[in-house]
Amino acid sequence: MDAMSAADRHIPVMLTRVIEVVASAHQAPDTTHVDGTLGMGGHAEAVLRACPQATVVGIDRDPQALELATARLEPFGERFVPVHAVFDELPEVLADRGLTAVESVLLDLGMSSLHIDDTSRGFAYREDAPLDMRMDPTRGHTVADYLDQAPEADIARVLKEYGEERYARRIAAAIVERRGSNPVRRTAELAELVQRCVPAAQSRTGGHPAKRTFQALRIQVNQELEVLDAVLPASLEALAVGGRCAVLSYHSLEDRRVKQAFAAGLTSSAPLGLPVELPEHAPYLKAITRGAELPSATEIAENPRSASAKFRAVQRIRLGGGPPR
C-alpha cells in the first residue's frame, strides 16, 4: 500500500475542529505537536499544513502504520519525526528528544482505518482471518493466545467489563470447553461461537452479536485502557503553559477516563471550607470544549466511522498543579 492509497482510504475524524483547537497553540516559531496515535497520518498532515512553524512528533505502536504515515509525510522533511512506541511512553519519547514541554497533544483513540480495513490483522468479525488483533504485531500475545491460556473467569470478566457483554459467562464457558479438541484460532470461529451463545432475539438489534466480544478482546490484548490511564496524565504534564490536549474517544470506557482526567485539572483542589483559595489549589486547566463535542450529521454521512466519536479538549493555563506523577 503506497502513501497515496493511505491518504485516499483514511478520512480523519472531526478534522476541522481538531485543527481549530490545535493550531491556536502554534503561533510562535519552533513549537511541537505530539500526535500520540499517528495512524495513517491524516491529522498529522493537516497540522503540518496549518502550522508551518511546528514540528510534529508522530507516535504509533503499529510498524505498518508508521511506515505508511512516514511515506505520506515525507514532503515535510525534518518537521515530521516518526517514533515507534506505545503512546504511554510519551515521557521517554520527549526526553529522548530533549523536549521538556510541548504545545499540543492529540490522541485519536481506538482502532485506525488500517486495522479496520486490513482484514488479515484479525480485527474484523465479518471476515475470516487469524485471530490476532495486536496493534503492534511484533510483540505481545494474540487474542488466540489469550483465549487458549486465560482462566474462564478472566475471559468472562474481560467480555463483561470491556465489551459490556450480557452473555459473557456463557461465551467464556464455550471458549474454554472447546480448547482441548479445537481451540478458537480464527475470527470466523469466534464470531460463530458468539452467535451460538447469544439468543437470536438479542441478535436482531445492535449489530452483529460478536461486535462486543471483539471490542473487549482487542482492548485486552492491547492493554488499551491501561495505557490510556498512563498517557492522559503524562500528556497534561507535558503541556507548556498555553498548550492544548485534545482527545477523540469512541466508546464510554475511553471517554469516561478522558472526562475524569480533565475534570481533575479543571476544578480547584482546595479543601472544602478554606476561606481563600491558594494559588497552588487553583485549576491548572481550562476547558476548550463544553463537555464532549460530537461530529456533525454531515460528517457522519461522509465518514460513518466518525459516528461514535466524542471530542474533548483542554488548555494548560498555569505551571504547577498537574496530575500526580
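**Note on the pockets, the cavity and helix H3**

1. The largest pocket has a volume of about 1300 Å³, and since the model is a predicted one, this value and those that follow describe the prediction. Of the 50 residues that line this pocket, Gly110, Met111, Ser112, Ile116 and Arg218 are the closest to its centre, and a reader new to the structure may find them a convenient place to begin.

2. As for where this pocket lies, domain 1 (6–114 + 224–316) and domain 2 (119–222) both contribute residues to the lining of the largest pocket, and therefore it lies between them. By class, its lining residues divide into 22 nonpolar, 14 polar and 14 charged.

3. Several elements take part in the lining of the largest pocket: helix H1 (3–9), helix H3, strand S2 (54–60), helix H6 (113–117), helix H11 (211–222) and helix H12 (224–238) each supply at least two residues. The largest share, 4 residues, comes from H11.

4. Helix H3 (residues 42–50), one of the elements that supply the lining of the largest pocket, is mostly covered, with 7 of its 9 residues buried. The buried residues in H3 are Gly42, His43, Ala44, Glu45, Ala46, Val47 and Leu48.

5. The second largest pocket has a volume of about 380 Å³. It is lined by 22 residues, of which Gly140, His141, Val221, Asn222 and Gln223 are the closest to its centre, while the elements that give two or more residues to its lining are H7, helix H8 (152–163), H11 and H12.

6. H11 also deserves attention here, as it gives the most to the lining of the second largest pocket, with 4 residues. At least three residues of this lining are drawn from each of domain 1 (6–114 + 224–316) and domain 2 (119–222), and by class the lining has 8 nonpolar, 7 polar and 7 charged residues.

7. Apart from the pockets, the structure holds 1 cavity of 30 Å³ or more, and the volume of the largest cavity is about 40 Å³. The residues that line the largest cavity are Ala144, Leu147, Asp148, Ile175, Arg179, Pro183 and Val184, and they divide into 5 nonpolar, no polar and 2 charged.

8. Helix H7 (residues 143–149) provides the largest share of the lining of the largest cavity, 3 residues, and H7 is also among the elements that give two or more residues to the lining of the second largest pocket.

Note on methods
Residues are numbered from 1 along each chain as its sequence is written. This is a predicted model: local features need pLDDT of at least 70, side-chain atom pairs count only at pLDDT 80 or more; totals for chains, interfaces and linings use all residues. Side-chain values use heavy atoms; hydrogens and water are left out. On a 1 Å grid over the protein atoms alone, a cavity is a set of points where a 1.4 Å probe fits but cannot get out, and a pocket is an open set with protein on both sides within 12 Å along at least five of seven lines; lining residues have an atom within 4 Å of a point. Grid points are joined across faces, edges and corners, and a volume is the space filled by probe spheres set on the points. Ala, Val, Leu, Ile, Met, Phe, Trp, Tyr, Cys and Pro count as nonpolar, Asp, Glu, Lys and Arg as charged, and the others, Gly among them, as polar. Buried means under 20% relative accessible area, exposed over 50%, partly exposed in between (1.4 Å probe, protein chains only). Domain bounds come from an automatic or database domain assignment.
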